[in-house]
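A visitor and a guide discuss a structure. Please look at it before reading on.

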Amino acid sequence: MSRNNAIRIGALVIQVAVLLLIWQGFLHPTRGGLLVLAVGFVAFFLTRDFSGKKTGQ
């Protein structure tokens, strides 16, 4: 598994956990929503290809 896939899967797991906490009432929806967005943005920037060229897959 590549580093990018591991980061994306980890971010998805964190986002699902936060959504479950909101659903169970342990986390305020506004704060939880911001946390989900923040995790998504961090995962996006960590997995971005900064070289400007496509990686061959």
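The questions and answers below concern two helices and their contact.

This is a predicted model, in which local features need pLDDT of at least 70 and side-chain atom pairs count only at pLDDT 80 or more, while totals for chains, interfaces and linings use all residues. Residues are numbered from 1 along each chain as its sequence is written, and side-chain values use heavy atoms, with hydrogens and water left out.

Visitor: Is α1 roughly parallel or roughly antiparallel to α2?
Guide: Helices are DSSP runs of H or I with at least four residues, numbered from the N terminus. Helix α1 (residues 3-24) and helix α2 (residues 29-46) pack at an angle of about 175°. Angles under 35 degrees count as roughly parallel and those over 145 as roughly antiparallel, so α1 is, relative to α2, roughly antiparallel.

Visitor: How many residues of the contact of α1 with α2 are nonpolar?
Guide: Contact means heavy atoms within 4.5 Å, and among the residues that make it are Ile7 and Val18 of α1 and Leu35 and Val39 of α2. Ala, Val, Leu, Ile, Met, Phe, Trp, Tyr, Cys and Pro count as nonpolar. One residue of the contact is charged, five are polar, and the nonpolar ones number 12.

Visitor: Within what arc do the buried residues of α1 fall?
Guide: Buried means under 20% relative accessible area with a 1.4 Å probe, protein chains only; the buried residues of α1 are Ile7, Ala11, Gln15, Val18 and Ile22. The arc is that of the directions from the helix axis to the C-beta atoms. The buried residues line one face of α1, because seen down its axis they fall within an arc of 70°.

Methods. Axes fitted to C-alpha atoms, helices over the stretch in contact; angles between N-to-C directions. Helix = DSSP H or I, 4+ residues; strand = E, 2+ residues; numbered from the N terminus. Parallel < 35°, antiparallel > 145°, perpendicular 65-115°, else oblique. Buried < 20%, exposed > 50% of the residue type's maximum accessible area, 1.4 Å probe, protein only.
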